[in-house]
Amino acid sequence: QHGNEDSLISQPLRVESEALEVCENSGHTITCNKGGEISQISAAFGVLMSFNKCGGKLSNLKPCLSSNSSTIVQKKCLNKKSCTVEASTQIFGSPCPAGRHYLYLQWSCVYRDCGKILERSYSLHKVTTKPALPVLEGTEVELVCTNGQVNSGGKTAVCDDSELIATVLPYCHELCTNQSIRPYDLTTIPPLPVRNMTEVQLFCPNNTHNINGGGESAVCVDGKLFLHLTRGAPICLANSKGMPLTANSVMDLLLFFLVLSLPRK
């Protein structure tokens with residue numbers, strides 16, 4: 001059994017029924033296809049009808065049957081994916097004096113589906129699937145984030161044994177966009193938008209210069225850019241001619257601000 005953390009609520013989606021006769025001293029293996037299990041089974045050992053493939057004869061024109069055939073078969077096969085049943089008088093007794101018994105079997109395989117995502121499984125990551133649920137056992141689905149978010153985690157899951165199993169859970173988040181770096185008015189390499197956990201280099205726009213060397217790079221985390229602040233946030237300025245600030249002009253500008261900050265007499 002898989003853990004409930006990644007499971008889906010399931011309900012039966014399809015039922016298939018079959019029937020056949022198994023001649024005495026022979027056996028038959030009942031097998032449901034992938035994802036199915038034997039949900040119902042009944043049996044009659046002896047001679048049920050005069051027309052049968054095994055040559056069994058009715059006793060005084062009446063059926064002759066073991067009284068516990070269904071009980072024996074149900075204990076062996078019910079709720080299993082596969083089971084083998086033997087048509088033997090050692091198992092079911094000898095209800096017909098004329099012999100030539102056979103075992104009439106009738107069973108149904110139920111195929112369950114993956115139907116609804118449990119909230120506790122994906123509470124932080126709202127996803128839908130392609131194709132949409134419910135889906136049959138063995139179906140692989142694509143995990144798609146809702147609200148325009150991007151999935152940087154597990155992209156697929158498989159409906160297996162009535163549970164939707166994702167090897168890696170999805171991780172839904174927003175892209176980092178130009179809105180993420182305001183009010184700094186910076187450019188980035190690589191350019192925005194970028195995916196989660198992407199590191200970008202920050203640059204001042206044309207004709208400006210980062211006068212304090214702060215915020216040279218940032219990392220996109222859940223739709224927001226987090227700056228690597230070495231000397232505070234970046235400050236982009238240009239000189240009076242609109243040219244990028246040189247080292248000397250930066251020193252002159254800092255000296256100007258220092259003079260302004262001196263107390264006046």
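Buried denotes a relative accessible area under 20%. The legends below describe a predicted model.

**View 1. An open four-stranded sheet with the order 9-11-13-14.** The pairing in this sheet is antiparallel. Strand 9 (127-130) and strand 14 (163-165) occupy the edges; each has a single partner strand, so one side of each is left without a neighbour in the sheet. From one strand to the next, the twist averages 35 degrees.

**View 2. Alternating side chains along strand 11 (residues 140-145).** In a regular strand, side chains alternate between the two faces of the sheet. In strand 11, Val141, Leu143 and Cys145 are directed to one face and are buried. Glu140, Glu142 and Val144 are directed to the other face and are not buried.

**View 3. The pairing of strand 9 with strand 11.** Four bridges connect the two strands in the antiparallel sense. Thr129 lies opposite Leu143 of strand 11, and Leu143 is among the buried residues of that strand.

**View 4. The pairing of strand 11 with strand 13.** These strands run antiparallel and are joined by three bridges. Opposite Glu142 stands Thr156 in strand 13; Glu142 itself points to the face of strand 11 whose listed side chains are not buried.

**View 5. The pairing of strand 13 (residues 156-160) with strand 14.** Three bridges link these antiparallel strands. Cys159 has Leu164 of strand 14 as its bridge partner. Strand 14 stands at an edge of the sheet, with a single partner strand.

Terms used:
Residues numbered from 1 in each chain as written. Predicted model: local features only at pLDDT ≥ 70, side-chain atom pairs only at ≥ 80, totals over all residues. Heavy atoms only, no water. Pairing = 2+ DSSP bridges. Axes fitted to C-alpha atoms, helices over the stretch in contact; angles between N-to-C directions. Buried < 20%, exposed > 50% of the residue type's maximum accessible area, 1.4 Å probe, protein only.
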